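User: Please take a close look at one part of this model, a pair of neighbouring strands in a sheet, and then set that part in its wider surroundings. A formal explanation suited to a first-year student would be welcome.

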There are 2 protein chains.
Amino acid sequence: MKLEDIARQAGVSRSTVSRVINGERYVSDLTRQKVMRVIEAEQFTPNPAARALVTQRTSVIGVVIPHPLQDVFSADDPHYFSTIIQGISDKTQQRDYATLLWLGNSNEEATRFYRRVLQYRMMDGLVIIASVDGEEMLVENLLASHIPFVMLGRPLRTPEAINYVSIDNVSAAQQAVQHLFSQGKTRIATITGDIENADAQDRLQGYRQAHQLLGIPLDETLIVKGRFNRAWGYRSMKQLLKQGVDAVFAANDSIAVGALRAIQEAGLRIPEDIAVVGFDDLPLAATTTPALTTVRQPIYAKAARATELLLDLLEGRAQSPAQILLPTQLVIRHSCGIGTGALQ
Amino acid sequence: MKLEDIARQAGVSRSTVSRVINGERYVSDLTRQKVMRVIEAEQFTPNPAARALVTQRTSVIGVVIPHPLQDVFSADDPHYFSTIIQGISDKTQQRDYATLLWLGNSNEEATRFYRRVLQYRMMDGLVIIASVDGEEMLVENLLASHIPFVMLGRPLRTPEAINYVSIDNVSAAQQAVQHLFSQGKTRIATITGDIENADAQDRLQGYRQAHQLLGIPLDETLIVKGRFNRAWGYRSMKQLLKQGVDAVFAANDSIAVGALRAIQEAGLRIPEDIAVVGFDDLPLAATTTPALTTVRQPIYAKAARATELLLDLLEGRAQSPAQILLPTQLVIRHSCGIGTGALQ
DNA sequence: TTGAAAGCGCTAACAT
DNA sequence: ATGTTAGCGCTTTCAA
């Protein structure tokens with residue numbers, strides 16, 4: 001079933017059918033109805049390949065997650081990536097696009113993977129998930145080839161030239177540390193995420209800024225460069241226990257959970273002896289003992305907004321470059337030094 | 001850059017370039033090399049839309065997950081779906097296909113969602129993830145339209161006519177129950193998953209069969225129809241506690257974790273008072289207290305195998321209908337009545 | 001072994 | 001307001 005068949009049945013020309021399908025003006029109500037009736041009767045949908053060939057548009061966007069979902073980076077919380085994927089998918093479907101998924105895999109070299117993505121031209125644009133490293137090559141090629149793309153998370157290089165959606169990690173981290181200080185904590189340590197990652201860097205910077213603002217001397221030995229997972233949180237906390245600290249700002253909830261465990265194993269009380277604040281507000285944060293005080297970031301909204309921006313860019317409804325920061329919220333539970341349990 | 005440009009530069013015709021790209025015979029080594037050189041110099045890749053238009057093949061497969069990833073069905077273990085998505089993605093990339101993702105979303109009616117998927121014709125075939133319900137309409141339409149597809153999980157209707165990859169849920173469940181019996185347990189209850197789901201049904205059947213085989217009378221009040229999540233596990237276990245049971249076979253690990261909690265809150269010991277066996281062997285199964293005895297199923301392999309089957313079908317290297325069952329393994333930890341902790 | 005030419009199903013410029 | 005026509009970039013006969 002093709003355009004021509006519909007045209008014949010409706011007694012009009014191909015172009016008229018095309019016009020009806022694309023909702024163009026200059027079609028009389030009568031013929032429009034005639035054509036619509038046939039289209040519906042036949043359940044006709046135009047061939048996307050033919051359409052793409054002539055319009056040079058596919059109504060498909062690509063999503064690139066440079067690392068395997070089961071990677072150390074995300075092993076503890078598939079929740080984070082699931083939510084992102086869902087956010088993107090919902091928005092693309094809502095706007096009548098389709099989603100092509102490019103997941104990094106451990107068998108393939110990164111360069112080959114990126115080339116595969118770049119060479120596949122059946123996408124109007126891309127959403128790139130900022131990861132622990134390595135996506136710069138992809139980003140540079142994308143910039144050079146003028147393929148529209150939006151990053152989820154601040155890019156490491158030339159952020160001012162790149163479309164991205166993120167959160168204000170610096171202020172959020174700063175606020176978390178200030179909160180710990182307000183609870184009477186003064187030797188506040190931090191365990192960072194993978195330091196090649198922009199989020200990790202910015203949260204560390206927020207930690208530093210908070211010290212400056214509060215006038216607390218910054219002890220560099222209280223900064224442990226870790227990775228965004230539970231095992232590193234546990235290990236890094238063990239190290240910090242030797243230094244004597246009364247609070248820890250963990251760069252994400254997985255790290256925080258690892259830290260909680262190390263503290264408890266050492267026989268110390270949370271938050272009395274050591275207070276802990278995490279980042280993300282994953283579902284697990286509400287169920288730890290004690291429940292985790294953490295910075296809530298709108299993961300789903302971030303993904304949806306990034307997708308929206310990309311589609312707006314594609315449709316000429318937004319200007320490039322655009323940078324969007326979404327708000328975060330400090331969720332105070334039991335791990336930070338306050339006795340109450342204001343859960344939400 | 002198109003075929004014609006390459007042809008001109010190489011001093012041959014379009015058809016010859018096409019032949020080289022598609023690795024056809026009857027191209028002299030000399031011209032093949034000449035052409036290859038130009039292709040590589042220009043980093044040329046043929047336009048997929050043009051190709052799809054003429055060949056009627058896209059080298060794209062679709063993946064349909066009928067429910068949102070954050071749905072109750074999977075809320076507790078994004079791990080399950082992440083692993084599936086990764087398994088599919090890895091295999092498609094390895095075989096030089098691309099992956100189009102269709103995630104159900106809560107804003108859209110199921111019928112509309114399926115129509116969207118069915119009408120989008122730029123896919124050679126589909127992998128459908130069996131879910132709690134509702135995908136029958138999709139399956140029927142797919143069968144009628146002769147679009148090749150493979151289900152992940154046994155389909156509810158006409159399984160003999162459908163390509164699918166699953167595990168032998170019946171035997172696996174049976175084995176789990178037999179193991180509980182071998183530990184001296186006789187009032188063995190079960191908490192099922194969403195009963196519209198084939199896995200849930202089959203695991204329940206295995207539970208029944210085990211009783212028959214072992215000659216234990218089956219007490220229907222020990223069967224609680226639940227859902228595949230922690231909250232239902234908790235709730236269902238509370239109910240079972242009133243009936244007096246000494247073991248529970250949970251239809252998945254999330255349910256088992258909920259059950260563990262209910263048992264512990266009641267002040268009972270695991271496994272001495274009540275033994276628990278789960279299903280899936282999610283990462284969390286190894287970290288519960290006590291560690292969970294569970295049926296390990298090869299989630300990643302299932303997804304990869306389903307994808308492989310689909311691609312083989314598409315390339316005429318497999319015959320439809322094909323049904324594949326992958327093996328499972330009972331992983332004995334501490335929750336089932338045995339004192340040892342053979343972790344793997 | 002290579003080239004010429006038709007055509008996949010659609011859109012868009014141009015006529016009318 | 002509608003139809004005619006020329007491609008979009010490729011594959012695939014068919015002829016040479």
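Which residue in S12(B) stands opposite Thr294(B)?

Analyst: The residue opposite Thr294(B) is Val331(B), in S12(B). The model is a predicted one, in which local features need pLDDT of at least 70 and side-chain atom pairs count only at pLDDT 80 or more, while totals for chains, interfaces and linings use all residues. Residues are numbered from 1 along each chain as its sequence is written, and chains are lettered from A and ligands numbered from 1 in the order in which they are written.

The element names follow DSSP runs, numbered from the N terminus: helices are H or I runs of at least four residues, and strands are E runs of at least two. Strand S10 of chain B covers residues 293-296, and 3 bridges join this strand to S12(B) in an antiparallel arrangement. Two strands count as paired if DSSP finds at least two bridges between them. In general, strands of a sheet pair through backbone hydrogen bonds, either parallel or antiparallel.

This pair belongs to an open sheet of 6 strands in chain B, ordered S7-S6-S8-S9-S10-S12, with mixed pairing. Strand S7 (223-224) and strand S12 (329-331) of chain B each have a single partner strand, so one side of each lacks a neighbour in the sheet.

Helices accompany this sheet. Helix H8 (residues 169-182) of chain B lies across strand S6 (188-191), strand S8 (247-250), strand S9 (275-280), S10 and S12 of chain B, and runs at about 165° to S8(B). Helix H11 (residues 253-265) of chain B also packs on the sheet, where it touches S6, S8, S9 and S10 of chain B, and its direction makes about 155° with that of S9(B). For these angles, axes are lines fitted to C-alpha atoms, for helices over the stretch in contact, and the values run from 0 to 180 degrees between N-to-C directions. Two residues are in contact if their C-beta atoms, placed from the backbone, lie within 7 Å.

Elsewhere in chain B, two helices pack against each other. Helix H6 (residues 110-119) and helix H7 (residues 136-145) of chain B meet at an angle of about 30°, with their axes 10 Å apart. H6(B) and H7(B) are therefore roughly parallel; angles under 35 degrees count as roughly parallel, over 145 as roughly antiparallel, 65 to 115 as roughly perpendicular and the rest as oblique. The crossing of H6(B) and H7(B) is right-handed, a term used if the near helix is turned clockwise from the far one by less than a right angle, whereas an anticlockwise turn is left-handed. On the H6(B) side, Thr111(B), Tyr114(B), Val117(B) and Leu118(B) meet Met137(B), Leu138(B) and Asn141(B) of H7(B). This contact has 5 nonpolar, 2 polar and no charged residues. Here Ala, Val, Leu, Ile, Met, Phe, Trp, Tyr, Cys and Pro count as nonpolar, Asp, Glu, Lys and Arg as charged, and the others, Gly among them, as polar.

A second sheet involves both chains. Its 12 strands form an open sheet in the order S11(A)-S5(A)-S4(A)-S3(A)-S1(A)-S2(A)-S2(B)-S1(B)-S3(B)-S4(B)-S5(B)-S11(B), with mixed pairing. At the edges stand strand S11 (323-326) of chain A and strand S11 (323-326) of chain B, each paired on one side only. Strand S2 (residues 98-103) of chain A is joined to S2(B) by 3 bridges, and the two run antiparallel. Leu101(A) stands opposite Thr99(B) in S2(B). Within chain B, 4 bridges join strand S1 (residues 60-65) to strand S3 (residues 125-129), which run parallel, and Val64(B) stands opposite Ile128(B) in S3(B).

The contact between the chains takes 33 residues from chain B and 33 residues from chain A. On the side of chain B, H4, helix H5 (78-94), strand S2 (98-103) and H6 give two or more residues, and H5(B) has the largest share, with 10 residues.

Finally, there is the surface near DNA strand C. Of the 25 residues around DNA strand C, the nearest are Lys2(A), Leu3(A), Ser18(A), Ala50(A) and Ser15(B); a residue is near a strand or molecule if its C-beta atom, placed from the backbone, lies within 6 Å of it. H4(A) gives the most to this surface, with 5 residues. By class, the surface near DNA strand C has 11 nonpolar, 10 polar and 4 charged residues.
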